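Trainee: I have a structure to work through. Can we go over the metal site and the ligand pocket?

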Amino acid sequence: MNNASDPQYADKLAQIALRLKSHAGSIIVAAHEDPDGDALGSVLGLTRALQSLGLDAVPVGVPPKYLEYLPQVGELTSSLEVLPEGALLVALDSAEVTRVIGVPMDQTGIPIINIDHHGSNPRFGEIALVSPDKAATAIMVKDLIAALGVKLTAEIAAPLLTGVITDTGFFRNSNANGEVLRSAADLVEAGASMVAINEALGITTRNSFKLQSEVYATIAYDLGGKVISAFVNDAILERVGCTWEEVESLVSHLRSAEGTLLAVLYKDYGDKVKVSMRSKASVSAQNIAVALGGGGHVPAAGATVQGNLEEAKRLLLQQAQLELTRVGAL
Ligand code: AMP
Ligand code: MN
Ligand code: MN
């Protein structure tokens with residue numbers, strides 16, 4: 001893991017801009033599996049900017065229900081069976097090349113431009129621009145669009161603002177720094193509507209309320225009340241009529257728990273448990289995730305544990321204890 005910012009940030013942006021502008025074939029723009037607002041927002045923002053230059057950019061992805069407002073009808077290709085001859089791939093917000101979704105990566109040696117803000121990113125690809133100091137990949141895409149010489153429009157700015165909003169927890173997480181607020185201001189001035197995005201992201205369906213009540217009923221506190229956790233499984237989802245993608249926002253609600261430094265949501269799939277974490281103050285959710293074989297950022301990270309819920313809890317609390325001890329909280 002390398003959380004240092006990329007020292008060649010501006011140079012690499014210029015290099016990437018040149019590479020994209022001089023590419024004759026298709027430019028596939030894709031992001032990580034289970035795409036979030038930053039992944040899809042970055043894909044759509046960059047694609048629209050490239051298309052405005054007359055480039056053949058192809059955005060790939062399938063939005064979860066809460067992000068269905070982002071793409072226009074028919075704009076996204078859900079997945080590519082075959083890569084067009086001479087294509088170039090831009091992988092956005094993807095901590096590992098294996099997390100890129102919708103592209104048959106095993107078929108070719110397609111050249112890759114890797115733009116991401118996860119410290120655990122192994123810097124794969126022909127050009128890797130990885131800057132963990134950036135709160136969202138969408139901010140890096142905004143900088144790239146400036147390097148491309150494309151003026152921000154409302155259509156480009158709106159998905160990018162969605163990425164900035166979602167990756168900073170609505171500007172509440174520790175990564176919501178001055179650059180985030182300045183970038184958001186630029187995006188709003190370009191025509192992105194904060195109100196429209198907040199409305200769209202803030203919708204709670206009837207079944208989501210039922211889901212919340214079931215998940216909150218599983219809440220437990222550990223390590224002297226510093227860690228709050230809850231779980232969700234197929235049985236709960238079936239009872240309330242929700243799908244896994246509707247679970248995503250719950251962990252950020254848990255994060256508001258009084259007196260806690262770490263919020264954990266266990267997504268229990270039976271044979272494996274996906275752990276979603278949000279941390280406060282100097283506690284690093286990333287350290288815990290990395291120790292469990294996952295990754296992410298300091299305030300928001302995740303991992304997949306092979307095994308049952310009890311095993312996942314045991315392993316997580318072990319690592320949480322080490323991390324809370326490291327920061328002097330225990
Ligand atoms: P989530 O809790 O799913 O919203 O994820 C929080 C952050 O951790 C995101 O930036 C994810 O990309 C990252 N993350 C989640 N799960 C994993 C994983 N298994 N491996 C690497 N990064 C992950
Ligand atoms: Mn993401
Ligand atoms: Mn991101």
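Trainee: Is His117 buried or exposed?
Mentor: Keep in mind that this is a predicted model. The cut-off for buried is under 20% relative accessible area. His117 has 1% relative accessibility, so His117 counts as buried.

Trainee: Which residues coordinate the manganese ion (ligand 3)?
Mentor: The donors follow the spacing D-x54-D-x23-H-x49-D along the chain. Their coordination distances run from 2.1 to 2.3 Å. The residues are Asp38 (OD), Asp93 (OD), His117 (NE2) and Asp167 (OD).

Trainee: Where do His117 and Asp167 sit in the chain?
Mentor: This pair links distant parts of the chain, 50 residues apart. His117 is in the loop between β4 (112–116) and β5 (127–130). Asp167 is in helix α4 (residues 154–167).

Trainee: Which residue bridges the manganese ion (ligand 3) and the manganese ion (ligand 2)?
Mentor: The two ions lie 3.6 Å apart. One of the residues coordinating ligand 3 is Asp93. The bridging residue is Asp93.

Trainee: What share of the accessible area of ligand 1 does the protein cover?
Mentor: Start with the polar contacts. Polar side-chain atoms of His118 and Arg278 each lie 2.9 Å from an oxygen atom of ligand 1. A backbone N or O atom of Gly302 lies 3.3 Å from an oxygen atom of ligand 1. Of the 480 Å² that ligand 1 has on its own, the protein covers 82%.

Trainee: Which strand supplies the largest share of the shell around ligand 1?
Mentor: β9 (272–279), β10 (295–296) and β11 (300–306) each give at least two residues. The largest share is five residues, and it comes from β11.

Methods:
Residues are numbered from 1 along each chain as its sequence is written. Chains are lettered from A and ligands numbered from 1 in the order in which they are written. This is a predicted model: local features need pLDDT of at least 70, side-chain atom pairs count only at pLDDT 80 or more; totals for chains, interfaces and linings use all residues. Side-chain values use heavy atoms; hydrogens and water are left out. Donors are N, O and S atoms within 2.8 Å of the metal (3.2 Å for Na, K and Ca); water is not among the atoms, so sites may look incomplete. Helices (H or I, at least four residues) and strands (E, at least two) are DSSP runs, numbered from the N terminus. Buried means under 20% relative accessible area, exposed over 50%, partly exposed in between (1.4 Å probe, protein chains only). A polar contact is a pair of N or O atoms within 3.5 Å; within protein, one must be able to donate a hydrogen and the other to accept it, and residues adjacent in sequence count only if both atoms are side-chain atoms. Accessible areas come from the Shrake-Rupley method with a 1.4 Å probe; for residues, only the protein chains shown count as cover.
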